[in-house]
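Biologist: Please take one part of this model and go through it closely, then follow its surroundings outward as far as they can be described with care. I would like each term explained where it comes up.

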Amino acid sequence: MTTHPALGLVHAIAARLASPDSMPLDSKTLSLDRQHLAYGPPGIALLHIELAARGLGPWHRAHDWLAAASREPLTSGPDSHPFYGVPAFAHALSCAADHLPSSYQRALDAMDRQIAVDVGRRLNTAHRRIDAGRLPQPAEFDVIRGLTGYGAYLLRRNPGSSTMRAVLDYCVRLTEPITHHGETLPGWWTETGPSGSPDDRFPGGHANTGMAHGIGGVLALLALAARNGLDTDGHHTALRTILAWLDRWKEKAGRGPVWPYWVTQGELRTRRLAPSAPRRPSWCYGTAGLARAQQLAALALGDASRQIDAENALVATLTDPEQLKATTDNGLCHGFAGLAQAAARTADDAHSSTAGKLRGAIPALLAAVIPPGTDPERMVTALIQDEEGGPGLLDGAAGVALALLAPSTAAPPRSAWDACLLIA
């Protein structure tokens, strides 16, 4: 049986990241990024957890990286978030515990109690903000730093808990319109730029559509919860509110529809998007993540027509040369590997009329990551030494390896590593 070249890269990355001892002593990975799911040991542990769950690697590698993350106390409370501190470590640890049921339970139970307390405090703050008629910060609700990201964890660990239901209630409330300075805005409108800081490019703020920092992540969480039998008051109405917003701002580009990264105040008032060059169709922003979120919502609502439209939108994006030209790296967050993972996850749930087209788009994405004739060892070195990527999950080598596994083997992930992205 022929092994896909991408698997060679996966194993080369795993071998290079076999142990924390392979990192330079002054490495940010083991110091500044030690608690970070995106850049540090928790994200690298996910790679070894997935490989071990598939029988392709030893469990001790995963344990060593988890131990590296927890050598010193982990941050909880207001300075932590789903990708940093206790919640980030808990995601990785729970992925391992799913396959090692006698391991890590005491630590996970303690972290779950702390997470419930922290989520409760965040929810109280968010509801007071809504009651006062103020606009949210992106970090209040987004997947990386906010309540949607906490919801992704709770949906796996404690789906029937009162805390999970309270997060869903909040997400529903977030979709209700808010009046600010006499103007009616969607409830997720923020006064800042996408980074959460004041930005002269966004006078009056913006409504973010992305999966990482916008309403796309909220849509995905509500959809996944509904598919798991969790419904709260107004749940389906909230799904339809977000879908109607995305319908309103959908544009035609190339072979199919695309969605903007955000809507500005000027665009809201004129009801027209400003012209822009083709944007990369990534998980974090753009059509790839949003197509998956809309597919999940359509499945939750039993809307076959919308489901097929979302799947065809992803096919069109993944075969549009102009959009692919805007994709300039290989990472999970906004690169070709992430597109392959999104395509594979979407294909797993796709209608029979679109599943084959989605799977048919994957080989070209894999070839974009590792072109024929590429030396995996040299590529690993380049990935790990890249200043913007490094060894980590979101932009770096571990994420590339994880995102290549399912698409190159046609077998879905064995662990829940990508649950933190809300694409599954």
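Modeller: I will begin with N208, which is found in strand β3; strands here are DSSP runs of E with at least two residues, helices are DSSP runs of H or I with at least four, and both are numbered from the N terminus. This is a predicted model, in which local features need pLDDT of at least 70 and side-chain atom pairs count only at pLDDT 80 or more, while totals for chains, interfaces and linings use all residues. Residues are numbered from 1 along each chain as its sequence is written, and side-chain values use heavy atoms, with hydrogens and water left out.

N208 counts as buried because its relative accessibility is 4%, where buried means under 20% relative accessible area, exposed means over 50%, and partly exposed lies in between, with a 1.4 Å probe and protein chains only. Apart from neighbours within four places in sequence, N208 has contacts (heavy atoms within 4.5 Å) with W188, P194, H213, G214, I215, Y261, W262 and Y285. Of these partners, W262 lies 54 residues from N208 in sequence, yet the two C-alpha atoms are 4.3 Å apart in space.

Strand β3, residues 206-208, also holds A207, which is buried with a relative accessible area of 0%. Beyond its neighbours within four places in sequence, A207 is in contact with P186, W188, W189, W245, W262 and V263. W188 and W262 therefore appear in the contacts of A207 as well as in those of N208, whose 4% relative accessibility counts as buried. By contrast, the C-alpha atom of L314, 107 residues from A207 along the chain, is separated from that of A207 by 22 Å.

The remaining residue of the 206-208 strand, H206, is among the residues touched by T190. T190 is found in the loop between β2 (183-185) and β3 and is buried, its relative accessible area being 2%. Not counting residues up to four places away in sequence, T190 also touches P136, Q137, P138, F141, G204 and G205.

On the other side of β2, H181 is found in the loop between β1 (178-180) and β2, and H181 is exposed, with a relative accessible area of 75%. The phi of H181 is near 50 degrees, a positive value in a residue other than glycine. Most residues other than glycine have a negative phi.

Helix α8 covers residues 162-174 and has 13 residues. Its reach of 18 Å from first to last C-alpha is close to the 18 Å expected at 1.5 Å a residue, the expected span being 1.5 Å times one less than the number of residues. The buried residues of α8 are T163, M164, V167, L168, Y170, C171, V172 and L174. The elements that cover them include α5 (105-131), α6 (138-141), α7 (147-157), α9 (215-227) and α10 (235-248).

Y170 is one of the residues with the most contacts inside the largest nonpolar core, which has 141 residues; the others are L9, I13, L46, L222, W283 and L404. Helix α9 supplies the largest share of this core, 10 residues. A nonpolar core is a set of buried Ala, Val, Leu, Ile, Met, Phe, Trp, Tyr and Cys residues joined through side-chain atoms within 4.5 Å. In soluble globular proteins, nonpolar side chains tend to be buried together. Of the core residues named, L9 touches V369, I370, P376, M379, V380, V400 and L404, not counting residues up to four places away in sequence.

V400 and L404 lead on to a helix pair: the axes of α15 (residues 336-348) and α18 come within 8 Å and cross at roughly 35 degrees. Axes are lines fitted to C-alpha atoms, for helices over the stretch in contact, and angles run from 0 to 180 degrees between N-to-C directions. The contact is made by A337, G338, A340, Q341 and A344 of α15 and by V400, L402, A403, L404, A406 and P407 of α18.

In the segment after α18, D418 counts as buried at 0% relative accessibility. D418 touches Q341, R345, P413, I423 and A424, leaving out residues up to four places away in sequence. A410 also belongs to the segment after α18 (397-409), but A410 counts as exposed because its relative accessibility is 75%.
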